[in-house]
Amino acid sequence: MTQVIQVSKHWDVMNKLEDSFNNVTTISFMLEELTEAMNNNRMDAAHDICHALNAFLPVYTDNWDRNFKQAWDQVVRENK
């Protein structure tokens, strides 16, 4: 039974890590929008998107770092 609980904990923590990584699609979308804005000389939109990317990236990396550390601690360190 303990092994089932451990597998479930590992599944949960790895799922959170995957969810964190999948947020990169937001960055991809914003970069596509930035490219479109630049190609069409919409400088106000490009400026706004750059600010949004600069605001979002630290939030994304902090979330990824927290979930990576939790996954590392629960999956790798527990199995040593």
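The score called pLDDT is the predictor's confidence in each residue, on a scale from 0 to 100, and it is a sensible place to begin, since the model shown above is a predicted one. Across the protein chain the pLDDT averages 90, and 90% of the residues score at least 70. The confidence varies from one helix to another: it is lowest in helix α1, residues 2-22, with a mean of 83, and highest in α2, with 95. Where pLDDT is low, the predicted coordinates should not be read in detail.

Let us begin with α2, which covers residues 24-39. This helix has 16 residues and reaches 23 Å from its first C-alpha to its last, which is close to the 22 Å expected at 1.5 Å a residue. Its buried residues are I27, M30, L34 and A37, and because these cover an arc of only 85 degrees around the axis, they lie on the same side of α2. To see how such spacing works, recall that an α-helix has 3.6 residues a turn, so residues three or four places apart point the same way. On the other side of α2 the picture changes, for T25, E32 and N39 are exposed there.

What do the buried residues of α2 pack against? They pack against α3, a helix that runs through residues 43-76. With its 34 residues, α3 reaches 47 Å from its first C-alpha to its last, close to the 50 Å expected at 1.5 Å a residue. The buried residues of α3 are A45, A46, I49, L53, Y60, N67, A71, Q74 and V75.

The packing can be followed through single residues, and M30 is a useful one to find in the structure. M30 lies in helix α2, and it counts as buried because its relative accessibility is 14%, while the limit for being buried is under 20%. Leaving aside its neighbours within four places in sequence, M30 is in contact with I49, A52 and L53. One of these partners, A52, is 22 residues from M30 along the chain, yet the C-alpha atoms of the two are separated by 8.3 Å. Seen from the other helix, L53 touches I27, M30, L31 and L34, again not counting residues up to four places away in sequence.

Several of these residues belong to the largest nonpolar core, which has nine residues in all: I27, M30, L34, A37, A45, A46, I49, L53 and Y60. The elements that give two or more residues to this core are α2 and α3, and the largest share, five residues, comes from α3.

Not every residue of α3 is buried, however, and H51, which is placed in this helix, counts as partly exposed because its relative accessibility is 48%. The C-alpha atoms of H51 and I27, which are 24 residues apart along the chain, are separated by 12 Å.

Further along α3, is N67 buried or exposed? N67 counts as buried, because its relative accessibility is 12%. Not counting residues up to four places away in sequence, N67 touches K16, L17 and S20, and these numbers fall within α1, the helix of residues 2-22. Aromatic residues also deserve a look, for a search of the whole structure finds four aromatic pairs, and F21, W64, F68 and W72 form one aromatic cluster.

The loops that join the helices complete the picture. N23 lies in the loop between α1 and α2, and N23 counts as partly exposed because its relative accessibility is 32%. Apart from residues up to four places away in sequence, N23 touches F56, Y60 and N63. The C-alpha atoms of N23 and A52, which are 29 residues apart along the chain, are separated by 14 Å.

The other loop to examine is the one between α2 and α3, where N41 lies. Why does N41 count as exposed? Its relative accessible area is 60%, and residues count as exposed when this value is over 50%. The backbone here is also worth a careful look, since most residues other than glycine have a negative phi. Just after α2, by contrast, N41 takes a positive phi of about 55 degrees, and N41 is a residue other than glycine.

Methods: Residues numbered from 1 in each chain as written. Predicted model: local features only at pLDDT ≥ 70, side-chain atom pairs only at ≥ 80, totals over all residues. Heavy atoms only, no water. Helix = DSSP H or I, 4+ residues; strand = E, 2+ residues; numbered from the N terminus. Buried < 20%, exposed > 50% of the residue type's maximum accessible area, 1.4 Å probe, protein only. Contact = heavy atoms within 4.5 Å. Expected span 1.5 Å × (residues − 1). Arc of directions from axis to C-beta. Core = buried A, V, L, I, M, F, W, Y, C linked by side-chain atoms within 4.5 Å. Phe/Tyr/Trp six-rings, centres within 6.5 Å; stacked < 30°, edge-to-face > 60°.
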